[in-house]
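Visitor: I would like to learn how to read a few features of a fold from its model. Please take them one at a time.

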Amino acid sequence: MEKIKEQEKSRHQMEIRMLQSQIKPHFVRNTLNAIRWMAKLKGAEGISRSILAFSNMLDYNFSDNRNFVEVSDELKYLEDYLYLQQVRFQNNFSYTMEVEEPILDCRILKLSFQPVVENAINHGVLPKNKMGRITIKGNQRGDKLVFEIVDDGVGMEKTQVETLLEEREDWEKAQQEENIALWNISKRMHMNYGDEGWIEIESEPGQGTCVRMVFPVYKGKEGEEDAETVDRG
């Protein structure tokens, strides 16, 4: 009972933080769309595409209230994010996606990939101060979906890897840590999949990092009520 209460408390805190971030999203989205068309009319295609990518991300975050989404939707969101990051960092890294087509209509926990890729960019490829590469792989292995986000960045010592997923007692304090993304995703996966979903990290200094995310295979209808059948608390 105590474990269930703690999980519900964490879930509630996450929901509150998401609600706090949704300040007039329609206004922001509509304004961006107007600016995008102004840029397009002026022939500024790069600016227009950047605004469209950002607008798509807002829609996915705020207008799409599903908790579980198809892999294809998650990858489209990730491509918009990666495009904007390439613009921001002047193409200091490249990326490839190697995800098997049969799993694209499987459903996974929404917003699982982007925080991991953000980590790979900020703590992996950028610190090495030369061109980096990120690869997103995905396939089905038995009754599991396995995704790997691999970077050729600076890597980490074993002791640092061990601290990334270790349990935090104070949720609020944990959110103030600089490198908390992987722990947050791990907690969300555990809350929604129980022991059926998890994260593994492999890394070596100077050799890069591989974050492996394992999900149960699930294919269902679009409605949230169907997706919730994988919610094991």
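Visitor: How are H5 and H8 oriented to each other, roughly parallel or roughly antiparallel?

Guide: An angle over 145 degrees between N-to-C directions counts as roughly antiparallel. In this predicted model, the axes of H5 and H8 cross at roughly 160°, and the two helices are therefore roughly antiparallel. Their axes come within 9 Å, and the crossing is left-handed.

Visitor: Which residues make the contact between H5 and H8?

Guide: H5 contributes Pro115, Val116 and Asn119, while H8 contributes Ala181, Leu182 and Ile185. By class, the contact of H5 with H8 holds five nonpolar residues, one polar and no charged.

Visitor: What does H8 look like as a helix, by its length and its cover?

Guide: For length, one sets the end-to-end distance against the rise of 1.5 Å a residue. H8 has 13 residues, and the distance from its first C-alpha to its last is 18 Å, close to the 18 Å expected. For cover, one counts buried residues, and in H8 these are 11 of 13, so the helix is mostly covered. Among them are Ala181, Leu182 and Ile185, the three residues that H8 brings to its contact with H5. Trp183, Lys187 and Arg188 are also buried. After H8 comes Gly194, with a positive phi near 65°.

Visitor: At what angle do H3 and H4 pack?

Guide: The angle between H3 (residues 45-63) and H4 is about 140°, and their axes are 9 Å apart. That makes H3 oblique to H4, because the roughly antiparallel class takes angles over 145 degrees. H3 passes H4 in a left-handed crossing.

Visitor: Which residues of H3 and H4 meet?

Guide: On the H3 side they include Arg49, Ser50, Ala53, Phe54, Met57 and Tyr60. On the H4 side they include Asp73, Glu74, Tyr77, Tyr81, Leu84 and Val87. The contact of H3 with H4 has nine nonpolar, four polar and four charged residues.

Visitor: What do the span and the burial of H4 show?

Guide: The method is the one used for H8. H4 covers residues 71-88, and at 1.5 Å a residue its 18 residues should span 26 Å. Its end C-alpha atoms are 26 Å apart, which agrees. Of these 18 residues 13 are buried, so H4 is largely enclosed by the rest of the structure. Just after H4, Gln90 takes a positive phi of about 55°.

Visitor: Is Tyr81 in H4 buried or exposed, and which residues does it contact beyond its sequence neighbours?

Guide: Buried means under 20% relative accessible area. Tyr81 has 7% relative accessibility, so it counts as buried. Leaving aside neighbours within four places in sequence, Tyr81 is in contact with Met57, Gln114, Val117, Glu118 and Ile121. Sequence distance and spatial distance are separate quantities here: Tyr81 and Ser50 are 31 residues apart in sequence and 9.7 Å apart in space, C-alpha to C-alpha.

Visitor: Where is Lys110, and is it buried or exposed?

Guide: Lys110 is in the loop between E3 and H5. At 6% relative accessibility, Lys110 counts as buried. Leaving aside neighbours within four places in sequence, its contacts include Tyr60, Asp64, Arg66, Phe68, Glu74 and Arg188. Of these, Tyr60 and Glu74 also appear among the residues where H3 and H4 meet, and Arg188 is one of the buried residues of H8.

Visitor: Which residues other than glycine have a positive phi in the loops on either side of H5?

Guide: One is Leu111, with phi near 60°, in the loop between strand E3 (107-109) and helix H5 (114-125). Another is Asn129, with a positive phi of about 60°, in the loop between H5 and strand E4 (132-141). Their accessibility can be read against the cut-offs of 20% and 50%. Leu111, at 16%, counts as buried, whereas Asn129 is exposed, with a relative accessible area of 71%.

Visitor: What describes the protein chain as a whole?

Guide: Its secondary structure comes to nine helices and seven strands. Of its 233 residues, 46% count as buried. Among contacts with a separation of 6 or more, 72% are between residues 24 or more positions apart.

Note on methods:
Residues are numbered from 1 along each chain as its sequence is written. This is a predicted model: local features need pLDDT of at least 70, side-chain atom pairs count only at pLDDT 80 or more; totals for chains, interfaces and linings use all residues. Side-chain values use heavy atoms; hydrogens and water are left out. Helices (H or I, at least four residues) and strands (E, at least two) are DSSP runs, numbered from the N terminus. Buried means under 20% relative accessible area, exposed over 50%, partly exposed in between (1.4 Å probe, protein chains only). The expected span of a helix is 1.5 Å times one less than its number of residues. Axes are lines fitted to C-alpha atoms, for helices over the stretch in contact, and angles run from 0 to 180 degrees between N-to-C directions. Angles under 35 degrees count as roughly parallel, over 145 as roughly antiparallel, 65 to 115 as roughly perpendicular and the rest as oblique. A crossing is left-handed if the near helix is turned anticlockwise from the far one by less than a right angle, and right-handed if clockwise. Contact means heavy atoms within 4.5 Å. Ala, Val, Leu, Ile, Met, Phe, Trp, Tyr, Cys and Pro count as nonpolar, Asp, Glu, Lys and Arg as charged, and the others, Gly among them, as polar.
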